[in-house]
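Let's take a walk through this protein together. Have the sequence and the 3D view open, and follow along as we go.

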Amino acid sequence: MTHTLERKVQERTEQLGAARQKLALSERLASLGQLAATVAHEINNPLAGVLNLSMLLRKMLREEGVPPDRLAEFRGFLEQVSNETARAGRIVADLLSFARQSGPVAGRADLNAVVHQTLAALNHRLEGSGIRVALQLADELPEARGDSAQIQQVVMNLVVNAVEAMPQGGVLTIRTWADATGPGINLEVEDQGIGIAEDHLERVFDPFFTTKELGKGVGLGLAVAYGIVQAHNGQIEVTSRAGCGATFHVQLPVAGRR
């Protein structure tokens, strides 16, 4: 009887194990299908936009060039082509960053300089979105320990996220400071946007989680930022309420400290 019971328990355990494997495979396939559909849609949107704009530009272009009375319109279409192409590039870059999960290159990073470089790269988008930047950067800020390029990607993703959260414009506040007695330097990116619902706060850094409309985001920007900060032995957190904006706080280790 004991032998029979043990055999039945073993068979049941094997059946449960097989069921778990099938369930895990099913979940992975479902996630993969969702990812493929999302990425295909996200990349197809800007590509379709570029195709339509190129057709409009072709119709406007004559053998003698662009008609003078339509030159401003022509330039506007070219700018949209650039924006849509850059959008597709950001999607691909986020996917590559998330897939690679490469560790940071040992080095030092001037966080204030990284902020200025990021804002310079996004200046046109910020102005076009009606967003004013308020900088509160600490003087004589110690350097962060880590990969300057990866830290810039964190700042870039947080700023882009803030811009997308303020469709009507507003003030974007960026602060840096060093802990008086603590182990690190700090960065805050605060927006006046739509905010984050309380039940979404715990998921904002999850890969492929997004509350944006279909076609407005893959949900990788914050996940990539989270991974980079963790790889630097830092911390990242968010505070927000729906309709009241959001504040992302990043702490990074100071160069030369353990």
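## A loop residue and its surroundings

Start with Arg-241, which sits in the loop between β6 (235-240) and β7. Keep in mind that what you're looking at is a predicted model. Is Arg-241 buried or exposed? Its relative accessibility is 60%, and the cut-off for exposed is over 50%, so Arg-241 counts as exposed. Even so, Arg-241 has company from elsewhere in the chain: leaving out residues up to four places away in sequence, Arg-241 touches Ile-194, Gly-195 and Ile-196. Take Gly-195 and Arg-241: they're 46 residues apart in sequence, yet their C-alpha atoms are 5.3 Å apart in space.

Now let's zoom out. The protein has six helices and seven strands, and if you read along the sequence, they come in the pattern α-α-β-α-α-β-β-α-β-β-α-β-β. Of the 258 residues, 36% are buried. The protein exposes about 15,700 Å², and carbon and sulfur atoms supply 54% of that area. Among contacts with a separation of 6 or more, 73% are between residues 24 or more positions apart.

Next, compare Arg-241 with two other residues. Here's where each one sits and how accessible it is.

| Residue | Where it is | Relative accessibility |
|---|---|---|
| Arg-241 | loop between β6 (235-240) and β7 | 60%, exposed |
| Asp-147 | loop between β3 (144-145) and α5 (148-164) | 12%, buried |
| Val-189 | strand β5 | 1%, buried |

Asp-147 is a loop residue, but with 12% relative accessibility it counts as buried, because the cut-off is under 20%. Its side chain reaches the backbone nitrogen of Ala-149 at 3.0 Å.

Val-189 belongs to strand β5. Which residues does Val-189 contact, once neighbours within four places in sequence are set aside? They are Leu-158, Ala-162, Leu-172, Thr-173, Ala-246, Thr-247 and Phe-248. Val-159 is worth finding too: its C-alpha is 7.0 Å from that of Val-189, although the two residues are 30 apart along the chain.

Phe-248 leads us to the aromatic rings. A pair of aromatic rings is described by the distance of the centres and the angle of the planes. The model has two aromatic pairs. One of them is Phe-205 with Phe-248, an edge-to-face pair with 6.1 Å from centre to centre and 80° between the planes. This pair links distant parts of the chain: Phe-205 is in the loop between β5 (184-190) and α6 (221-231), while Phe-248 is in strand β7 (residues 246-253), 43 residues apart. Both Phe-205 and Phe-248 are buried. Ring pairs also bring in Tyr-226, so that Phe-205, Tyr-226 and Phe-248 are linked into a cluster.

What about helix α6 itself? Its buried residues include Gly-221, Leu-222, Ala-223, Val-224, Ala-225, Ile-228 and Val-229. After α6 comes Asn-233, which has a positive phi, near 60°.

One last stop: the structure holds one cavity of 30 Å³ or more. The largest cavity has a volume of about 30 Å³. Which residues line the largest cavity? Look for Ile-151, Val-154, Ile-228, Val-229, His-232, Val-250 and Leu-252. The elements giving two or more residues to this lining are α5, α6 and β7.

Terms used
Residues are numbered from 1 along each chain as its sequence is written. This is a predicted model: local features need pLDDT of at least 70, side-chain atom pairs count only at pLDDT 80 or more; totals for chains, interfaces and linings use all residues. Side-chain values use heavy atoms; hydrogens and water are left out. Rings of Phe, Tyr and Trp (its six-membered ring) pair if their centres lie within 6.5 Å; planes under 30 degrees apart count as stacked, over 60 as edge-to-face and the rest as tilted. Helices (H or I, at least four residues) and strands (E, at least two) are DSSP runs, numbered from the N terminus. Buried means under 20% relative accessible area, exposed over 50%, partly exposed in between (1.4 Å probe, protein chains only). Contact means heavy atoms within 4.5 Å. Accessible areas come from the Shrake-Rupley method with a 1.4 Å probe; for residues, only the protein chains shown count as cover. A polar contact is a pair of N or O atoms within 3.5 Å; within protein, one must be able to donate a hydrogen and the other to accept it, and residues adjacent in sequence count only if both atoms are side-chain atoms. On a 1 Å grid over the protein atoms alone, a cavity is a set of points where a 1.4 Å probe fits but cannot get out, and a pocket is an open set with protein on both sides within 12 Å along at least five of seven lines; lining residues have an atom within 4 Å of a point. Grid points are joined across faces, edges and corners, and a volume is the space filled by probe spheres set on the points.
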